[in-house]
Amino acid sequence: MITMDNIIREGHPTLRKRAEKLTFPLSEENQKLAHDLMEFLENSQDEKIAEKYHLRAGVGLAAPQVDRSIRMTAVLVPGAEGEDPIFKHVLVNPTIVSESVQKAALAEGEGCLSVDRDVPGYVPRADRIKLRWFDLDGNEHVQRLKDYPAIVVQHEIDHLNGILFFDHVNKDNPFSVPEGTLILE
Ligand code: 4LI
Ligand code: NI
């Protein structure tokens, strides 16, 4: 299983590389990675397991964060207690087909499992995206996302392009955002 020891941190060169596209069929190794990335998110969101293994909770984990420079990321946005997840997929070769002009940012800012410090500030992103990706079997999916799930997916796709969330924070005034940006509580 993936633990925090397997997650590389800010300063590691892999986090700044553009990750490679995958081809199908996926290798056994990459299928296992997909499973392990999602298992980490499930474990990290389970209070008991997270405490036992010292896992920090996350809703997204991208392959480059475990030093695998390939275009794969797991996303697990939980639903309300006892409800199904809002978005739970391993995305292979994800692309944003189109995005809204409307921007949005999380009120509390963003965190990242590869960043061991608090970086305050708004991270302005598209509020709505049309996402295209491939599943592990090579089937294509297209889905529209908005608000929190859209922000998480953009954060994860950034990892595939060597971008970290604080690259988007305004250096002079971290809490200034483009006019009309929605602040998501
Ligand atoms: C426990 C169990 C407050 C502070 C609120 C925790 C289950 C921050 C928010 C979680 C913040 C779960 C999250 C992200 C933020 C903050 C990620 C807690 C895990 C909230 C996910 C990728 C940015 C994603 C909303 C500096 C590791 N996640 N909170 N940002 N949650 N979580 N990001 N922001 N302020 N990061 O971090 O997975 S997109 Cl689900
Ligand atoms: Ni991250």
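These questions and answers concern a predicted model and cover its nickel site, a sheet and ligand 1.

Biologist: Which residues are the protein donors of the nickel ion (ligand 2)?
Modeller: In sequence, the donor residues follow the spacing C-x42-H-x3-H. The donor atoms are one SG and two NE2, lying 2.1 to 2.3 Å from the nickel ion. They belong to Cys 112, His 155 and His 159.

Biologist: How many residues apart in sequence are the parts that Cys 112 and His 159 tie together?
Modeller: Both Cys 112 and His 159 are buried. Cys 112 sits in the loop between β4 (103–106) and β5 (125–126), while His 159 belongs to helix α3 (residues 147–160). The pair therefore joins parts whose separation in sequence is 47 residues.

Biologist: Which strands stand at the edges of the open sheet?
Modeller: The sheet has 3 strands, in the order β5-β4-β8, with mixed pairing. Each edge strand has a single partner strand, so one of its sides has no neighbour in the sheet. The edge strands are β5 and β8 (182–184).

Biologist: Which residue in β8 does Ala 104 stand opposite?
Modeller: β4 and β8 pair in the parallel sense, over 3 bridges. Opposite Ala 104 stands Leu 182.

Biologist: What percentage of the accessible area of ligand 1 does the protein cover?
Modeller: Around ligand 1 there are 18 residues, and among those that come nearest are Val 59, Glu 108 and Gly 111. A polar backbone atom of Val 59 is 2.8 Å from an oxygen atom of ligand 1, and one of Gly 111 is 3.0 Å from a nitrogen atom of ligand 1. On its own, ligand 1 has 800 Å² of accessible area, and the protein covers 69%.

Definitions and conventions
Residues numbered from 1 in each chain as written. Chains lettered and ligands numbered in written order. Predicted model: local features only at pLDDT ≥ 70, side-chain atom pairs only at ≥ 80, totals over all residues. Heavy atoms only, no water. Donors = N, O, S within 2.8 Å, 3.2 Å for Na, K, Ca; no water. Helix = DSSP H or I, 4+ residues; strand = E, 2+ residues; numbered from the N terminus. Buried < 20%, exposed > 50% of the residue type's maximum accessible area, 1.4 Å probe, protein only. Pairing = 2+ DSSP bridges. Near = heavy atom within 4 Å. Polar contact = N/O pair within 3.5 Å; in protein donor to acceptor, adjacent residues only side chain to side chain. Areas by Shrake-Rupley, 256 points an atom, 1.4 Å probe, with all protein chains shown as cover.
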